[in-house]
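Work through the exercises below with the sequence and the model side by side, and attempt each task before reading its solution.

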Amino acid sequence: MSRPRLALVLGVLAIFIAVGAYLIFGKQNPAPHNLTFNVTVTGAKTMTPPELKAGQDDTVTINISSDTTGEVHLHGYDIAFDCVAGQVVSHTFKATISGGPFDMEWESTATRLGDLVVNP
């Protein structure tokens, strides 16, 4: 085999190996994380921080402190946080549903407080 032909075959082989390695190893999902969000609800109207971000399969803990007694509802995951003024209520769950934003609302008035976004 001539040198130019050998170089061409080796070049094509190198590209094939590189593309194969990318397809096999480049699209692996990152390892799940444990995330904790400390959220403050004020006046049953606002939430700080207003947006929570997680990755799919992360274990998420949301701690909510509110100055008002009532329910904060996380749509999509159907989780109810029964808030008591001045106390912290907490829920831990696995973020198995990607997408969003999943609304977090003050249930009795349907006031949107913020969102949870779960990236795939």
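Two exercises follow, one on the overall form and one on strand pairing.

This is a predicted model, in which local features need pLDDT of at least 70 and side-chain atom pairs count only at pLDDT 80 or more, while totals for chains, interfaces and linings use all residues. Residues are numbered from 1 along each chain as its sequence is written, and side-chain values use heavy atoms, with hydrogens and water left out.

**Exercise 1.** Determine which elements the protein contains and how its spread relates to the globule rule.

Solution. Begin with the elements, taken as DSSP runs numbered from the N terminus (helices are H or I of at least four residues, strands E of at least two): the protein has one helix and nine strands. Next, compare the radius of gyration, taken over C-alpha atoms, with the globule rule, 2.2 Å times the number of residues to the power 0.38. Because the radius of gyration is 24 Å, well over the 14 Å that the rule gives for 120 residues, the protein is more spread out than a compact globule. Finally, the C-alpha trace spans about 80 × 20 × 20 Å along its principal axes.

**Exercise 2.** Identify the strands that pair with β5.

Solution. Two strands pair if DSSP finds at least two bridges between them. First, β5 (residues 70–74) pairs with β6 (residues 79–83) in the antiparallel sense over five bridges, and E71 has D82 in β6 as its bridge partner. These two strands form a hairpin with four residues between them, where G76 in the turn has a positive phi of about 90°. Then, β5 also pairs in the antiparallel sense with β8 (residues 99–106), over three bridges, with L74 opposite M104 in β8.
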